[in-house]
Amino acid sequence: MAELQPTDVLCIPKRRRFTRALLANPEGGGEELHIFFGEKEIVFDEPDLLPFGHKLLEVDRFRAQDATAWSPAAPYDWERVRGLLEALMAEEIVEPYDASAAAAAPRQTFPATLGRAQPGQKPETYSGREAQGCPMTTQRMLGRAVELSNLEVVLPVQRVGHPAVDTDGRQVGENNVVDPLFLDLPTERRLCAYAGSRYHNQAPINYTALKAMTKRWPELLSLTAQFRDAFFQRLPRLGADLLAGEVHLLAVTCLSTVGYVMVRGIDPVANGQLDVGLAAMFRLIDGVRICTTQLVRDTAGQQSCDRVVTGKVIHDYAEQNQLFIDTWGVCAGPAVLIDEYLGVLLDGNAPPIDVEPSLATRLGDLPAALDYGLHGLRIESIVRAYGAMQGQLHERLRAAFAAHASAPSKLQELLEIPIDREHYPFLRVDHPLLETYLMEIRVGGWLLERSRAGLPAELPGALASMEDLLRSEPETRAGHASRLADFLTTAAPELAGQPQALRAELLAVLVQFFVLQRNCLRAVGVEQHRLNQRLRRAQGRALCDEDLNAYARRASPALSRVFAEGLGVTVDTDAGATVLRQGDRSVSLTD
Amino acid sequence: MHPELIRRFNDRVRDEAGSRFGAAPEELTRLNAFENHVYEFTNPDGVELILRISHSARRTHDYTQGEIEFVRFLAAAGLPVAKPVLSDGGLFIERIGDDQPGQYFLVSAFERAPGVVFDDAPALKEIYWAPPLFRELGRTFARLHQRAQAYRLSKMEFKRQEWHEYDVVDIDRFAPPEETLVRERTAEIIERLQRLPRTPDGYGLIHADLHLHNFCFDDGRITVFDFDNAEYAWFAKDIAVILFYVGRTTTTDKRAAAAAAFLGPFLDGYREVRPLGPEWLATFPDLLALQRSMNYALFHQYRDRQVLTEEDRDTWRRFRRDIEAATPVLDLDFEKF
């Protein structure tokens, strides 16, 4: 790049993408200006450069040397300004101005469909009306046939309503419906002209959805307020300030209510007949859930469920963390409506109207719908924490093999398969792996315990805390270790050649993992049982390890499969027992 | 129109304003308007819109937000008002920088109210300007007032002015210095009005300029627009404003009769929705007189004396005479209605 000359004319073609925050300097002493530009963040921490930063937010086009005058005091030194501008040019924030290119910029258009739908894809969703279809759908999506009565074990409860079609003929999840169920309906998409991180993003806004949303805006605010009030009546706030964890519970439970009307046992809604108000309520609050999902996990070493949030905090967080931007589109909601919505949802503002039919009427049985959300969220928290604990055990064993193995083995080969986005697309990668797992357990634990307060005091068998997933009697453990050691002596004789330290660690991990699995299956079974009762839905078959392995967003290796393949045995676990078999030999572990 | 709005306005501002709401310059059709630059166009979705361009010298961004918020609040309940629409940039109010530091143009767009303004369709007015429509107008006013009672500001910065803060109420600013009697008479009216109770059922945010040019008529349906002057005042003041202009649709000798023919059915319709007791009707003479003084102040504020016709001069001479003599605007016994 040629050296910048004072007479060069520069421009900021996407200036409206800038957002700013004045934050306290972490090293003390005044404020620093943070300017966000898409994923880039520029920090002006030298006090005399703050005016330069502020001016940068305002100008579309300028002569390079004019920037020396962006100081209210003595002009900046040209060499210093040149350095700053060249750095901004290297980041492609500032560009040389090209009048001909600016004049010729064509209006960007987007095709009506994304080309993602499966050929011949018909509307298909989870519905009590077509309960027999659920195993076929889950087989296709998750590789395991799961009946409707156990759906929430394999699918996060907030995503149950996702593929459903509302009475406007739109899918609840719009662009975000998973490929196998995505209908790719003709949609008007437009370049985003909203100021902030979304401005002129390559992904468009869903203008069709925006029009539908604004048409029903007062109704949506009213439904939102009604849900907010009902939720906090059921699960009163912990204090005057709203916490991120509480907002996450609120969001997930709200999303679940839309699934509730589809999958309840009595009078479930047919696909295509979903109330448009409920569908729109879902679409709005899903953005909040996306935000809180990340927010409660973003500080390494501690969960942030206790962080105080407001509508503004959530909005700023989304803006500064690129959460308005997704693969297939950017959030279509204008900032003014987002603020209005968050004001009602989180800040207690009154909606402009009280809509009829009410939320309770639309849901049919509001208390049952809330129960569905709370139980479903507890199930998901347990299953996710289980996955994290499983991941921890996997890493523990992998480390043991790395440290002690004296000979290669199939088991080690399987353990060495990396845990990364390539193998586990839903793995969160904002922290190192072990911290990611620890975070999941912390967050899940908070949600599990807090949601308990919204359910009846008497709930026999309900998991009290996430740590209980690992709990077992020492004598039981010792007995299981001994019997497993006997079984493996013949089932996996090659282990005998491995060092004692490795064999001992393997046995400890095996015992701990099977305890974890059985505890998890029991805990999930209790929640699922009551969930089915509240939905007046038939109970399903007993859950087993492969149900946990089928979890849609699994982000750790299915250890039971690793053990089965690595040791050359079969492993079957249900809530009552774990059975390992090889030929006619077996060992059964019970609690 | 505010002189700054005329002086600084140009085609660049107009074109930029249109583009913010998806309109190409050639799609904008200018409309007659007294206080803003107003255009009509059809947006790419096929929706007919009204584009309004104002200036920060006249209205601030926050103050305009107050109007937008109020209109959206009314529209949320299904009231027949022209709704504000979002720009392509997702804003209800766009700012366009002026050459002067800190000054800017404010651009808003509203759905075009269906139907016509009566003055644009005399034949329709001939048919429909009758008691059934007056009743419907009464119901519409009452629904607006009923809804306004429930309105709560979201932010203090958006608060609209109180009626007495409107600059033309300050007649000292605009009436010529030698017209002392005009000032005294107006001050007396204001003093009496200031003593009126400001209870939630009688005082709130009103349109304040709901005359015959600010609603459209479409097959029996009325849609109200232009809340640019919305202010806090007595709900009775809104009624006095339309009554004032109804009276002025005819000659002096027929004014009282025309107003009476209007007011009876209007109040019948109004009272179907919410009460309006005689104590409020008793305020009409002063509210009407205030409107007359305000119009007189507006005349001095905006009219160029050099281009006035003799008819104009005569009109404003009579305004002055009536103000000074405290002649009732309408010679009616309002409390009988």
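In this predicted model, helix H5 of chain B covers residues 131-149. Its 19 residues reach 27 Å from the first C-alpha to the last, close to the 27 Å expected at 1.5 Å a residue. Plenty of H5(B) is tucked away: the buried residues include B:Leu133, B:Phe134, B:Leu137, B:Gly138, B:Phe141 and B:Leu144. Arginines turn up on that list too, with B:Arg143 and B:Arg147 both buried, as is B:His145. As for what they pack against, the buried residues of H5(B) meet a mix of helices and strands of chain B. The helices are H3 (61-76), H4 (122-128), H8 (235-247) and H9 (255-273), and the strands are S7 (203-206) and S9 (221-224).

Chain B also touches chain A, with 10 residues from each chain taking part in the contact. On the chain B side, these break down into six nonpolar, two polar and two charged residues.

Over in chain A, helix H9 (residues 276-295) and helix H10 (residues 311-320) make a helix pair. Their axes come within 10 Å and cross at roughly 80°, so H9(A) and H10(A) are roughly perpendicular to each other. From H9(A), the residues at the crossing are A:Val288, A:Cys291 and A:Leu295; H10(A) brings A:Ile314, A:Tyr317 and A:Ala318. Sorted by class, that contact is six nonpolar residues, with no polar and no charged ones.

Chain A has strands to look at as well. Strand S3 (residues 31-37) and strand S4 (residues 40-44) run antiparallel and are joined by five bridges. A:Phe37 has A:Lys40 in S4(A) as its bridge partner. Two residues sit between the strands of this hairpin, where A:Gly38 takes a positive phi near 60°.

Further along chain A, three strands form an open sheet in the order S9-S10-S11, with antiparallel pairing. Strands S9 (570-573) and S11 (585-590) are the edge strands, each pairing on one side only. On average, neighbouring strands of the sheet are turned by 15° against each other, direction ignored. Strand S10 (residues 577-582) is tied to S11(A) by six bridges, with the two running antiparallel; within that pairing, A:Ala577 has A:Thr590 as its bridge partner. Helix H17 of chain A, residues 500-534, lies across S9, S10 and S11, and H17 runs at about 35° to S9(A).

Conventions
Residues numbered from 1 in each chain as written. Chains lettered and ligands numbered in written order. Predicted model: local features only at pLDDT ≥ 70, side-chain atom pairs only at ≥ 80, totals over all residues. Pairing = 2+ DSSP bridges. Helix = DSSP H or I, 4+ residues; strand = E, 2+ residues; numbered from the N terminus. Axes fitted to C-alpha atoms, helices over the stretch in contact; angles between N-to-C directions. Contact = placed C-beta atoms within 7 Å. Nonpolar A, V, L, I, M, F, W, Y, C, P; charged D, E, K, R; others polar. Expected span 1.5 Å × (residues − 1). Buried ≥ 20, exposed ≤ 12 C-beta atoms within 10 Å, placed from the backbone. Parallel < 35°, antiparallel > 145°, perpendicular 65-115°, else oblique.
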